[in-house]
Amino acid sequence: MTPPRYICIHGHFYQPPRENPWLDEVEVQDSAAPYHDWNERITRECYAPNTRARLLDGQGRIINLVNNYAWMSFNFGPTLLSWLADNAPEVLAGIVEADRVSSARRGGHGNALAQVYNHIIMPLASEHDRRTQVLWGLADFRHRFGREPEGMWLAETAADVASLESLAEAGVRFTILAPHQARRWRKLGEEKWVEIPGGIDPSRAYLCKLPSGRSIALFFYDGIISRQVAFERLLDSGETFLSRLRLGFDPARTHAQLMHMATDGESYGHHHPHGDMALAYVLQKLAKDPTVRLTNYGEYLEKHPPEWEVEIHEKSAWSCAHGVERWNSDCGCKTRGDWHQRWRAPLRKAFDQLKEDLDHLFSTRGRECFPDPWAARDAYIDVILDRSPRTVRHFFKKHGHADLDDSQVRDGLRLLEMQRHGLLMYTSCGWFFDELSGLETTQCLHYAARAIHLARHFNRDCEKKFIQILKTAPSNVPQFKDGRGVWDQLIRPGVVDLDRVLAHYAMSLIYPAARPDERGYSFDLEVLDREVRGRGSSHLAVGRLRVRSRSTWEEEETAFVVIHYGGFDFHTVLRRFATPKEYDAVKRRLLDMYKTGSLADVTALAAREFEGQAHRLDDLFVDEQRRIIGIVLSDRIDDYQRAFERLASQDDDVLNRLGQMRYPIPKALRAAASSYLDLKLHEEIVGFDSNGSLSRIQGLFERGRTWGYQPERELLEQAIGDALKKTLGGLSPEADLAALGQQAEALLDAAAQLGIAPDIWPLQNQLLDAYIHLSDSGAMTRPLGEVFSGLAQKVKMTPDLLGWRP
């Protein structure tokens, strides 16, 4: 009888924590455009599509959807899951549901694995940090998935015996390593070891016996197919991928074979566009194949416990040929050939020295707040997951001294936040790439700066010693020269104190957001008083604010004056008044002066009454800064657009004649006319009327076609996508169904006429979700179903797909 054959595909889904350490929000990252940041971009390209991966027919129409997570093994980084919970909860819901479904399908063994908390290289970590990373990762998993994890992913699969001990001590049953990390292996009960570099049989589970007497199961993935998926474009064809998986079985083996592979999960959609679809094709085929069984590691381990034992190479990892030196030295592992990485060792040394100082401070001052500071740190994940006052109070009741006052509670929170950022600064991506001033490395330096900033509250200045070591880290970029240059130019300007937070909110009151809590950051704001006056292009704001940090409970109250001279010229100063009466008197004098005097007089009075540090537009946090810049620029942009419209109208005949004669259009003429047409097309799309807009759009486009007009794709694709989303959102039994259907079809026709392709992926989901909701609620009617069927075909969905259920 042929032994059973199993296939398991594992995806390691991970992004480094990207939050501003003071704000606990990811700020805009221009390199991720057109998305706000890299988390948002990769979610759209990978994490979301894998919850509903498309299977297509020969005409490119969707015939079925597959939640890939329900059929594959996977892990998500806890810090990424936290971001998804706040920014893409529907994606997180799909991931969690997939684990629930797989657990029911696999006898209680869910597909999801836990991960060490913020992806640090465990063999380079201290014993305390290894323990916390494991415990925080497990606690986060329980919080998200509602069950105990069986396995845990090690960052970069970096492992040594101490790391495996940390997993086993916490009750983790297994982890996954690269084949070259196995040092030697033998059948249980035998004396002779087999030792072939990279030659371990990956088709079974192994037992690793540890010095403590504990043990842990290890799986060594198939390195060849994993490399082909990650780097050799195997995902270009679902059929080729499937065939390659089937070739992974060896007929000479007599045991139950596990053909398994592991790659970055981002291979399925981000690194390889449509990789999610190739994966869905393979998973669907394998699920129906009676000769193999799709499985996960927990199920396989239960059915086929290890019959062999293994020892590993100490300090080894899947992405470094030199052990774990990629995160410790200039070992030669790089992504850009002309840059050195001599900065890696000094960066590690600087962080280690800083961490030693922070740990000493924590262990000494922490005893004033906690009987056992390190046990309190291990449990602090409960607060990280829920920063409500109730949770914080419960945490201190359980882990703090009984007689702590409010000041000591704030000190305890500062110390724990100092430790959290001391861990975040070790995120592995800080060393993975090629340059000290790169996005990932500076993110780790920002975490270090936050830890240093928190330590200062306890009269401990860790920066001087840290900078001395960092200065020995050479940069590849002449602008920075070394780590000191990176620190001074990129890190120190980002340091935030409560005064800057207060000044930020004060300036924002000049142009209040339509949804003021849209980016509330990690602070609670209370506007105690405000008066805003405008005169011409200038503004004056006077008021009082109170702000409180949700992470440290620090709070501050202040009065402020903001003088906006017009344009980008803001002047903001804070002051703490002794009495409300004194504040009221100063406020009245400023408002009266603004009403009757010159801006010079107002400035002079403000300078006498508010003598603190001045804050400018540059001090606003970047997303709010850009919002206000957009408002300030809007009038100027309108002036340009009016000028472009006038010039385009005057030169319309000239442009047509030049186009007819195939004369190269002068740059200035093309710029003015193109900008005008982009604006008018955008206006037509935003105010789309199916009765007339389509013909007007066609006329505008034809007007520019003779001279080679090319629409601004990103602008118009976004506009049509938003208009379609708004239209489909109106689908209900009470709506004018014919009008809505006509509107949606006309918008899609407009996109086709302009030669642009709006992102229909979210529209397909919206249409499907609306259909499911109306059907399940009993509100679906035949006319409504016909509208849905027509729209489904317009967005490349077969009508039969409307019967799909997750």
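Start by selecting α1 (38-47), α6 (223-231), β11 (257-264), α15 (429-432) and α16 (439-456): each gives at least two residues to the lining of the second largest pocket. Keep in mind that this is a predicted model.

**Stop 1: the pocket**

Colour α6 apart from the rest. This helix brings five residues, the largest share of the lining of the second largest pocket. The volume of that pocket is about 990 Å³. Its lining counts 33 residues. Show Phe 231, Asp 264, His 271, Trp 318 and Phe 432 as sticks; these lie closest to the pocket centre.

Three of the elements selected at the start are worth a second look here. Residue 231 is in the range of α6 (223-231), 264 in that of β11 (257-264), and 432 in that of α15 (429-432).

What is the chemical make-up of the lining, by nonpolar, polar and charged residues? Colour by class: 15 are nonpolar, twelve are polar and six are charged.

**Stop 2: the sheet**

Now move to an open sheet of four strands. Follow the order β14-β15-β16-β17; the pairing is antiparallel. Select β14 (523-535) and β17 (569-575) to mark the edges, since each pairs on one side only. Look along the sheet for its twist: neighbouring strands are turned by 20° against each other on average, direction ignored.

**Stop 3: one strand pair**

Hide β16 and β17. Keep β14 and add β15, residues 538-549. How many bridges join β14 and β15? Twelve, in the antiparallel sense.

Finish on a single bridge. Select Val 527, then its partner in β15, Leu 545.

Terms used
Residues are numbered from 1 along each chain as its sequence is written. This is a predicted model: local features need pLDDT of at least 70, side-chain atom pairs count only at pLDDT 80 or more; totals for chains, interfaces and linings use all residues. Side-chain values use heavy atoms; hydrogens and water are left out. On a 1 Å grid over the protein atoms alone, a cavity is a set of points where a 1.4 Å probe fits but cannot get out, and a pocket is an open set with protein on both sides within 12 Å along at least five of seven lines; lining residues have an atom within 4 Å of a point. Grid points are joined across faces, edges and corners, and a volume is the space filled by probe spheres set on the points. Ala, Val, Leu, Ile, Met, Phe, Trp, Tyr, Cys and Pro count as nonpolar, Asp, Glu, Lys and Arg as charged, and the others, Gly among them, as polar. Two strands pair if DSSP finds at least two bridges between them. Axes are lines fitted to C-alpha atoms, for helices over the stretch in contact, and angles run from 0 to 180 degrees between N-to-C directions.
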